[in-house]
Amino acid sequence: MVTGGQVLLDLVDGLIHNGAKIHVLDNLISGHLDYVHPLAGLHTEEIRSKESKEIILREKPDVVFHMAAQVEVGRSVAEPEYDANVNINGTINVLEACSKANVKKVNFSSTSAVYVDLQKDLISEEDFAVPLSYYGLSKLTAESYIRLFFSS
Ligand SMILES: NC(=O)c1ccc[n+]([C@@H]2O[C@H](COP(=O)([O-])OP(=O)(O)OC[C@H]3O[C@@H](n4cnc5c(N)ncnc54)[C@H](O)[C@@H]3O)[C@@H](O)[C@H]2O)c1
């Protein structure tokens with residue numbers, strides 16, 4: 001199962017090439033039908049919805065790549081509530097469904113915007129994570145939810 005993302009074209013292609021059955025869950029707010037592999041099952045759905053949860057519970061994927069997100073730094077500054085809603089509450093909705101569906105692995109696409117110093121040539125996971133935008137903050141918060149969700 002893959003939620004969202006143009007950057008996922010290659011990932012979905014590769015997974016399908018290797019024989020995986022893929023479902024894409026995306027409301028197409030910034031995505032496009034052309035980005036969806038013809039052999040992938042598309043569910044045009046909002047990640048915060050009850051329906052998205054039901055799809056994950058029904059399909060019971062082994063692995064989920066959670067990429068769907070509000071990705072614009074500018075929009076996160078203009079509409080922090082929307083940004084938090086999609087990136088935090090949407091992630092929690094996906095996590096709850098994954099937990100109930102016994103998904104074996106959840107891969108989350110975070111961002112370098114979680115780190116304070118983006119001027120460095122190389123950013124390490126050990127670097128200081130103090131986001132300078134609400135987008136970075138919502139992604140960092142989602143990371144923390146994921147860590148806590150699967151810590152027990
Ligand atoms: N492109 C980059 O350089 C980059 C860098 C770091 C992290 N990321 C992360 O990679 C992921 C994909 O980013 P992208 O650059 O392909 O952006 P994108 O806008 O192409 O992908 C985001 C996808 O999420 C979908 N989406 C947005 N809100 C949704 C919602 N509420 N419910 C369901 N689907 C929703 C959009 O329709 C879109 O297909 C994001 O999580 C982003 O934070 C991207």
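Helices and strands here are DSSP runs, helices of at least four residues and strands of at least two, numbered from the N terminus. The model is predicted.

**Exercise 1. Locate N102 and K60 in the chain, and state the sign of phi for each.**

Solution.
Step 1. N102 sits in the loop that joins α4 to β5, the strand of residues 105-108.
Step 2. Its phi is near 55°, which is positive although N102 is not a glycine.
Step 3. K60 belongs to the loop between α2 and β4, the latter being 63-66.
Step 4. Phi of K60 is also positive, near 45°, and K60 is likewise a residue other than glycine.

**Exercise 2. Describe how α2 packs against α4: what are the crossing angle, the handedness and the contact residues?**

Solution.
Step 1. Helix α2 covers residues 50-59 and helix α4 residues 80-100; their axes come within 9 Å and cross at roughly 25°.
Step 2. Angles under 35 degrees count as roughly parallel, so α2 is roughly parallel to α4.
Step 3. The crossing of this pair is right-handed.
Step 4. From α2, the contact takes in S52, K53, I56 and L57; from α4, it takes in N93, V94, E96, A97, C98 and K100.
Step 5. Sorted by class, the residues of this contact are five nonpolar, two polar and three charged.

**Exercise 3. Repeat the analysis for α4 and α5: how do the axes cross, and which residues meet?**

Solution.
Step 1. Helix α5 spans residues 134-149, and its axis comes within 9 Å of that of α4, with a crossing of roughly 20°.
Step 2. By the cut-off of 35 degrees, α4 is therefore roughly parallel to α5.
Step 3. The crossing of α4 with α5 is right-handed.
Step 4. The α4 side of the contact consists of P80, D83, A84, N87, I88, T91, I92, L95, E96 and S99. The α5 side consists of Y134, Y135, S138, T141, A142, Y145, I146 and F149.
Step 5. The classes here are 11 nonpolar, five polar and two charged residues.

**Exercise 4. Which residues come nearest to the ligand, and which atoms of G31, E46 and K139 lie by its oxygen or nitrogen atoms?**

Solution.
Step 1. There are 23 residues around the ligand, and D26, S30, M67, Y135 and K139 come nearest.
Step 2. For K139, a polar side-chain atom is 2.7 Å from a ligand oxygen atom.
Step 3. For E46, a polar side-chain atom is 2.8 Å from a ligand nitrogen atom.
Step 4. For G31, the backbone supplies the atom: an N or O lies 2.9 Å from an oxygen atom of the ligand.
Step 5. Y135, listed in step 1, is also one of the α5 residues that meet α4.

How values were computed: Residues numbered from 1 in each chain as written. Predicted model: local features only at pLDDT ≥ 70, side-chain atom pairs only at ≥ 80, totals over all residues. Heavy atoms only, no water. Axes fitted to C-alpha atoms, helices over the stretch in contact; angles between N-to-C directions. Parallel < 35°, antiparallel > 145°, perpendicular 65-115°, else oblique. Left-handed = near helix turned anticlockwise from the far one by under 90°. Contact = heavy atoms within 4.5 Å. Nonpolar A, V, L, I, M, F, W, Y, C, P; charged D, E, K, R; others polar. Near = heavy atom within 4 Å. Polar contact = N/O pair within 3.5 Å; in protein donor to acceptor, adjacent residues only side chain to side chain.
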